[in-house]
Amino acid sequence: MRRYSVGTLIEDSGNLGIISAVLPRGCRNFEGYHKINWRDNYELRYANNTVYIIGMDAFHRMVEDGQILIVKASTTPLPS
């Protein structure tokens, strides 16, 4: 499964957004609030200032189904 990097630009239902963080399994907290720690997650920030946390599997399914479009993938590699 492909993993997207921080900085990947997305379009979701006409809304422009960016992957602002990759939150790996076991992440305890991020900016003062607890995360779901039994799965890998992406933090998505949209142009209207909304922020969503979405599981990587769900995000990848939505990309495959065309519900989320990758506008420009970041070239920053993820650590292994």
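**Close-up views of a predicted model**

**Figure 1. The salt bridge between Glu-43 and Arg-45.** Glu-43 and Arg-45 are joined by a salt bridge in which the closest N and O atoms are 3.7 Å apart. The structure is a predicted model, and one salt bridge is present in it. Of the two partners, Glu-43 is buried, with a relative accessible area of 2%, whereas Arg-45 is partly exposed at 35% relative accessibility.

**Figure 2. The surroundings of Thr-8.** Thr-8 belongs to the segment that precedes β1 (9–12). Its relative accessible area is 1%, so Thr-8 counts as buried. Two polar approaches of the Thr-8 side chain are shown. In one, the side chain of Thr-8 lies 2.8 Å from the backbone oxygen of Ser-5. In the other, a polar atom of the Thr-8 side chain is 3.2 Å from the backbone nitrogen of Ser-74. With neighbours within four places in sequence left aside, the residues in contact with Thr-8 are Gly-17, Ile-18, Ile-19, Ile-70, Lys-72, Ala-73 and Ser-74.

**Figure 3. Asp-40 in its loop.** The loop between β4 (33–34) and β5 (41–46) contains Asp-40. Asp-40 has a relative accessibility of 18% and is classed as buried, because the class takes in values under 20%. Apart from neighbours within four places in sequence, Asp-40 is in contact with Arg-3, Leu-23, Pro-24, Arg-25, Ile-54, Gly-55 and Met-56. The contact with Ile-54 also appears in the environment of that residue: not counting residues up to four places away in sequence, Ile-54 touches Arg-39, Asp-40, Asn-41, Tyr-42, Leu-44, Phe-59 and Met-62.

**Figure 4. Aromatic pairs.** Three aromatic pairs are found in a search of the whole structure. One of them, formed by Tyr-46 and Tyr-52, is edge-to-face, with 5.7 Å from centre to centre and 75 degrees between the planes. Tyr-46 is buried at 9% relative accessibility, while Tyr-52 is partly exposed, with a relative accessible area of 48%. Elsewhere, ring pairs connect Tyr-4, Tyr-42 and Phe-59 into a cluster.

**Figure 5. The largest nonpolar core.** This core has 12 residues in all: Tyr-4, Ile-10, Ile-19, Val-22, Tyr-42, Leu-44, Tyr-46, Ile-54, Met-56, Phe-59, Val-63 and Ile-68. Two or more residues of the core come from each of β2 (15–23), β5 and α1 (56–64). The clustered rings of Tyr-4, Tyr-42 and Phe-59 are among the members of the core. Ile-54, another core member, touches Tyr-42, Leu-44 and Phe-59, among other residues.

**Figure 6. Overall context and confidence.** The protein has one helix and seven strands, arranged along the sequence in the pattern β-β-β-β-β-β-α-β. Buried residues account for 32% of its 80 residues. Among contacts with a separation of 6 or more, 44% are between residues 24 or more positions apart. The mean pLDDT is 85, with 79% of residues reaching 70 or more. Confidence is highest in β1, at a mean of 97, and lowest in β4, at 54. The latter strand borders the loop that holds Asp-40.

Note on methods
Residues are numbered from 1 along each chain as its sequence is written. Side-chain values use heavy atoms; hydrogens and water are left out. A salt bridge is a side-chain nitrogen of Lys or Arg within 4 Å of a carboxyl oxygen of Asp or Glu. Buried means under 20% relative accessible area, exposed over 50%, partly exposed in between (1.4 Å probe, protein chains only). Helices (H or I, at least four residues) and strands (E, at least two) are DSSP runs, numbered from the N terminus. Contact means heavy atoms within 4.5 Å. A polar contact is a pair of N or O atoms within 3.5 Å; within protein, one must be able to donate a hydrogen and the other to accept it, and residues adjacent in sequence count only if both atoms are side-chain atoms. Rings of Phe, Tyr and Trp (its six-membered ring) pair if their centres lie within 6.5 Å; planes under 30 degrees apart count as stacked, over 60 as edge-to-face and the rest as tilted. A nonpolar core is a set of buried Ala, Val, Leu, Ile, Met, Phe, Trp, Tyr and Cys residues joined through side-chain atoms within 4.5 Å. pLDDT is the predictor's confidence in each residue, from 0 to 100.
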